[in-house]
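Colleague: I've got a model open and I'd like to learn how to read it. Could you walk me through it?

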Amino acid sequence: PTAPTKSSAVLGFESIPGSLTDAVAIPAGYSAYVLAPWGTPLNSKAAAWKDDGSNTADDQANSVGMHHDGMHFFPLNDAGDDGLLCINHEYIDQDALHPTGPTYDTDGKRSVIDEVRKEINAHGVSVVRIKLVSGMWQVVENDSYNRRFTGASVMDIAGPLAYSSYLETRYSPDGSQARGTLNNCGNGYTPWGTYLTCEENWPEYFVNKGERTEEQSRTGIPSTDTRYGWNHLAGHDEERLDEFARFDMTPTGTSAANDYRNEANGHGYIVEIDPYNPNSRAVKRTALGRFRHEGCVFGKLEEGKPLTFYSGHDSRFEYLYKFVSDAVWDAADANSSNRLSMGDKYMNAGTLYVAKFSEDGVGEWLPLTLDGMTTDGGTLADSFSSLEEIILNTAGAADLVGATPMDRPEWAAVDPFTGTVYLTLTNNSRRTESTNPANPRLNNNFGHIIRWDEGDAATEFSWDIFVFGSPDDGDAETNLSGLTDLNQFASPDGLAFDARGILWVQTDNGASEVGEETNDQMLAIVPSTMLDADGNQQVVGADNQTQLKRFFVGPNGCEVTGFAITPDYTTVFANIQHPDNWPYSDKADEATPAGVSVRPRAATVIIRKDDGGAVGV
Ligand code: FEO
Ligand code: CA
Ligand code: CA
Ligand code: CA
């Protein structure tokens, strides 16, 4: 029998009302609780999390990081009650991280080494062994799989930039390694069981106070200071020069290898992690482009066909990219025990494309290769001398070939039944003129979700807009999808399909018109079942909007981001990032520790049905 082309899932919960309470909201018949909040010790080198901010940098290096974001569950058994949760830690709240916030000297420079180390260690990724014991998920402390990747962890460079002169640094004179992963926002995973973490707003961690290169200006490397001032410490302690000076790329020497001018070239990538091998290094897959990667998702697998990965560049008027592997898919590779070698096979060589959304639902993938055509009739070879240079300035190359400027491409997700790819375009308040068909609203405060199907040729696709965010009381030109108080949303961001074909949509800082009525949230819908009389997939409209159901609402001030699910569908994991007060505010019966300031903690939330059944249906 041929595989079904649509999901059989039917959402089995009632859409919940919006919520403005300082707790999570879920449908009747479900329970939710916190797992692995920031500061949870992963091994015995870390002291227990302290509510006064006094944990050390070493504690932080051995504990769960801050500001949870993308996430994936990797099972360790068939029952799905034992596994590894990989969690991104996007950025930090310095006020919550330290007893009284960050310390500065009289010149306004960061001055406490352990503080900055703690901040670097609060970034990155956690791999956390979790087990379901008596119906409750628990972190397994001291488990040998537990590990942290931080803003200082040594990582390998793979693909076209490996061993490139552009990657030569004091630390890695041959250009084979870089230190740390930063601003890990969305995520992905691979068919062979590895985790993909995506480096998003990494440029602000660096500075070049000299003359910035064209690439640095286009990429957004600052010219005055870094986001958290980590570079300031270089002048405070000569011995620590390299540890903190590396964030200041201002050229000082005569050759690149003698200063830090190449340091940021080791950032801006999709990073592959093998959670099942605690001794493996993370690998930066440079072939997938260098930009502010939000997420990374692979297209529907077909034996004997190339693999495809999609990744959005989250900034206003930036682009959508896809990578097509040279190697063709061999299903046996899904079971390889040498997982990172599969990454070498499928993610190091291929072609990077950028999307052009034309009128009438037709799209074109434009190759970012030396012979890729530019809008002035030439090729990228007129402006770049190598593929390495194109990748380093991926967005600059995409400018030249005529890519479509989008309303902040965030996560993508692939329907397991149809192969249709969905992408959140979170918002773009600065689109004050010149719309295009794929981004049709001026002052797009509410965002939308676009989707496409690949064509017969690798360079063709067809697309439509699946749903527009809106307040329920928006006029007909605003509320284009007919949303109600039970599913109004703005700023779609996190996006994931589960294997049953349910699409989960998460929101980040929705516009005030929606935010006055509900905190950020997670909704669900089953797109492949929404067919018209001719069997074509429908978009969300007034006549079928009820199929989009609100499943979860987060506490005050947070965004809801990162989705994972167990293989038996009985547990859903979602992350709460940057809450105002939570989870303390969610525990009114627990006394606040005397004499300490309560600080918010990003955390994973476990969502399960009270009867232990599959979530969502
Ligand atoms: Fe880190 Fe684009 O959200
Ligand atoms: Ca975020
Ligand atoms: Ca995001
Ligand atoms: Ca966002």
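Modeller: Sure, we'll go from the core to the strands and then to the backbone oddities. Keep in mind that this is a predicted model.

Colleague: Let's start inside. Which residues have the most contacts inside the largest nonpolar core?

Modeller: The general idea is that in soluble globular proteins, nonpolar side chains tend to be buried together. Here the largest nonpolar core has 143 residues, and L85, V128, V354, A413 and F552 have the most contacts inside it. Strand β23, residues 460-468, gives the most to this core, with 6 residues. Another core lies apart from it, with 17 residues, W202, Y205, F206 and A264 among them.

Colleague: What does V128 touch?

Modeller: Leaving out residues up to four places away in sequence, V128 touches A36, L42, V64, L84, L85, I87, V139 and N146.

Colleague: Now a helix. Why is α8 described as largely enclosed by the rest of the structure?

Modeller: You count its buried residues. Helix α8 covers residues 394-401, and 6 of its 8 residues are buried, so the helix is largely enclosed. Those are T394, A395, A397, A398, L400 and V401. They pack against α4 (214-219), β15 (316-318), β17 (350-357), β18 (362-367) and α7 (387-392). After α8 comes G402, with a positive phi near 90 degrees.

Colleague: On to sheets. In what order do the strands of the open sheet of 6 strands come?

Modeller: As background, strands of a sheet pair through backbone hydrogen bonds, either parallel or antiparallel. In this sheet the order is β8-β7-β12-β11-β10-β9, and the pairing is mixed. β8 (177-179) and β9 (184-189) are the edge strands, each pairing on one side only. On average, and ignoring direction, neighbouring strands are turned by 35 degrees against each other.

Colleague: How do β9 and β10 pair?

Modeller: They are antiparallel, over 4 bridges, and Y189 has Y195 of β10 as its bridge partner.

Colleague: Which helix packs on that sheet?

Modeller: Helix α6, residues 339-347, does; it touches β7 (154-158), β11 (270-273) and β12 (283-285), and its direction makes about 15 degrees with that of β12.

Colleague: What about strand β21: how many of its residues are buried?

Modeller: 5 of the 5, residues 421-425, so β21 is largely enclosed by the rest of the structure. Both faces are covered, with V421, L423 and L425 on one side and Y422 and T424 on the other. β21 pairs antiparallel with β20 (residues 409-414) over 4 bridges, where V414 is matched with V421. That hairpin has 6 residues between the strands, and G419 takes a positive phi near 80 degrees. β21 is also joined to β22 (residues 448-454) by 5 bridges, again antiparallel, and L425 stands opposite H448.

Colleague: Last topic: backbone oddities. Which peptide bond is cis?

Modeller: Most residues other than glycine have a negative phi, and most peptide bonds are trans. The bond from W582 to P583 is cis, with omega near 10 degrees. P583 is found in the loop between β29 (571-577) and β30 (603-609).

Colleague: And is H67, with its positive phi, buried or exposed?

Modeller: H67 has phi near 50 degrees and lies in the loop between α1 (57-61) and β2 (68-75). It has 26 C-beta neighbours inside 10 Å, so H67 counts as buried, the cut-off being 20 or more. Y163, in the loop between β7 and β8, has a positive phi of about 65 degrees. With 13 such neighbours, Y163 counts as partly exposed.

Conventions. Residues are numbered from 1 along each chain as its sequence is written. Chains are lettered from A and ligands numbered from 1 in the order in which they are written. This is a predicted model: local features need pLDDT of at least 70, side-chain atom pairs count only at pLDDT 80 or more; totals for chains, interfaces and linings use all residues. A nonpolar core is a set of buried Ala, Val, Leu, Ile, Met, Phe, Trp, Tyr and Cys residues joined through C-beta atoms within 7 Å. A residue is buried if 20 or more other C-beta atoms lie within 10 Å of its own, exposed if 12 or fewer, and partly exposed in between; C-beta atoms are placed from the backbone. Helices (H or I, at least four residues) and strands (E, at least two) are DSSP runs, numbered from the N terminus. Two residues are in contact if their C-beta atoms, placed from the backbone, lie within 7 Å. Two strands pair if DSSP finds at least two bridges between them. Axes are lines fitted to C-alpha atoms, for helices over the stretch in contact, and angles run from 0 to 180 degrees between N-to-C directions.
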